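The exercises below are meant to be worked through slowly, with the sequence and the model open beside the text. Try each task before reading its solution.

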Amino acid sequence: MVETGRIRVAKDKAELVKALTAADGETGPFPTYADVIVFAAALGAKHKKRVPVGEASKKEPAPIPQEQFIVRGYDAVINLIAITETEELKILSLTENNTTENRNYIFEEYINGGLEILQIELRGAVDYTERLLLILISEVVKQKKQEEEFDLSKFLPQM
């Protein structure tokens with residue numbers, strides 16, 4: 001289950017998280033583990049891919065204190081994902097039992113789902129930054145195409 005006050009990464013995704021981080025002389029696209037994790041969670045939530053963590057990484061990256069997310073303003077993302085998933089505002093309660101743990105649990109599962117998507121998308125990539133940019137650009141193009149395909153005929157009375 002969730003380690004209180006810490007966000008866990010699945011052990012089988014730890015190497016990917018490290019590879020995406022610009023630390024120890026590496027040139028990953030994200031400056032910190034927290035940045036990678038929030039991106040992965042948002043990606044998982046967008047694709048509605050929620051995967052249980054299973055065995056968590058104990059070191060590199062070790063479970064990350066929730067304060068690191070709060071300092072960066074990422075607690076809003078955690079809260080939005082939790083509200084979207086549960087469709088209940090009481091998930092944000094500070095007085096209800098286990099709401100923080102439940103929010104973290106949901107967030108961790110979306111992280112794991114997003115990291116699974118990234119594993120597939122980044123397979124064989126030499127430059128993760130370039131591949132991530134291509135992924136983001138393709139999402140923008142898809143969205144613009146959907147906007148262009150807006151059809152007013154669906155608002156006309158059927159005959």
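## Exercise 1: A salt bridge within one helix

Glu 15 and Lys 18 both belong to helix H1, where a spacing of 3 residues puts about one helical turn between them. This is a predicted model, and the task is to describe how the side chains of Glu 15 and Lys 18 meet and whether Glu 15 is buried or exposed.

**Solution.** Begin with the general geometry: an α-helix has 3.6 residues a turn, so residues three or four places apart point the same way. Next, look at the side chains themselves, where Glu 15 and Lys 18 form a salt bridge with a distance of 3.0 Å from N to O. Finally, compare the relative accessible areas with the cut-offs, which call a residue buried under 20% and exposed over 50%. Glu 15 is exposed, because its relative accessible area is 55%, while Lys 18, with 27%, is partly exposed.

## Exercise 2: The order of the elements

Write down how many helices and strands the protein chain has, and in what order they run from the N terminus.

**Solution.** Counting gives 6 helices and 2 strands in the protein chain. Reading from the N terminus, the order is β-α-α-β-α-α-α-α. The predictor's confidence can then be added to this picture: the mean pLDDT is highest in H2, at 96, and lowest in helix H6 (residues 128-148), at 85, among the elements of the chain. For the protein chain as a whole the average pLDDT is 88, and 90% of the residues score at least 70.

## Exercise 3: Checking a helix

What span should the 14 residues of H2 have, and how far apart are its end C-alpha atoms? Find also how many residues of H2 are buried.

**Solution.** The expected span is 1.5 Å times one less than the number of residues, and for the 14 residues of H2 this gives 20 Å, which agrees with the 20 Å between its end C-alpha atoms. Turning to burial, 10 of the 14 residues of H2 are buried, so that the helix is mostly covered. Among the buried residues of H2 are Val 36, Ile 37, Val 38, Phe 39 and Leu 43. For the whole protein chain, 36% of the 159 residues count as buried.

## Exercise 4: The loop after H2

Follow the loop between H2 and E2, and describe Lys 48, Ser 57 and Pro 61, which are all placed there.

**Solution.** Start with Lys 48, just after H2, where phi takes a positive value of about 55° in a residue other than glycine. Lys 48 counts as exposed, because its relative accessibility is 69%.

Move on to Ser 57, which is buried, with a relative accessible area of 3%. Leaving aside residues up to four places away in sequence, Ser 57 touches Val 9, Ala 10, Lys 11, Ala 14, Ala 62 and Pro 63. The side chain of Ser 57 also reaches the backbone oxygen of Lys 59, at 3.1 Å.

End with Pro 61, which is joined to Glu 60 by a cis peptide bond with an omega of about -10°.

For comparison, look at a second residue with a positive phi: Glu 87, in the loop between helix H4 (75-86) and helix H5 (99-121), has a phi of about 55° although it is not a glycine.

## Exercise 5: Links between distant parts

Which parts of the chain does the salt bridge between Lys 11 and Glu 55 tie together, and which network includes Lys 49 and Glu 116?

**Solution.** The side chains of Lys 11 and Glu 55 meet in a salt bridge at 3.4 Å, N to O. Lys 11 lies in the loop between strand E1 (6-7) and helix H1 (14-19), and Glu 55 in the loop between H2 and E2, so this pair ties together parts that are 44 residues apart in sequence.

The side chains of Lys 49 and Glu 116 form another salt bridge, at 3.3 Å, N to O. Here the loop between H2 and E2, which holds Lys 49, is tied to helix H5, which holds Glu 116, so the parts joined are 67 residues apart in sequence. Both residues belong to a network of salt bridges that also links Asp 12 and Lys 13. In total, the structure holds 11 salt bridges.

Terms used:
Residues numbered from 1 in each chain as written. Predicted model: local features only at pLDDT ≥ 70, side-chain atom pairs only at ≥ 80, totals over all residues. Heavy atoms only, no water. Helix = DSSP H or I, 4+ residues; strand = E, 2+ residues; numbered from the N terminus. Buried < 20%, exposed > 50% of the residue type's maximum accessible area, 1.4 Å probe, protein only. Polar contact = N/O pair within 3.5 Å; in protein donor to acceptor, adjacent residues only side chain to side chain. Contact = heavy atoms within 4.5 Å. pLDDT = per-residue confidence, 0-100. Salt bridge = Lys/Arg side-chain N within 4 Å of Asp/Glu carboxyl O.
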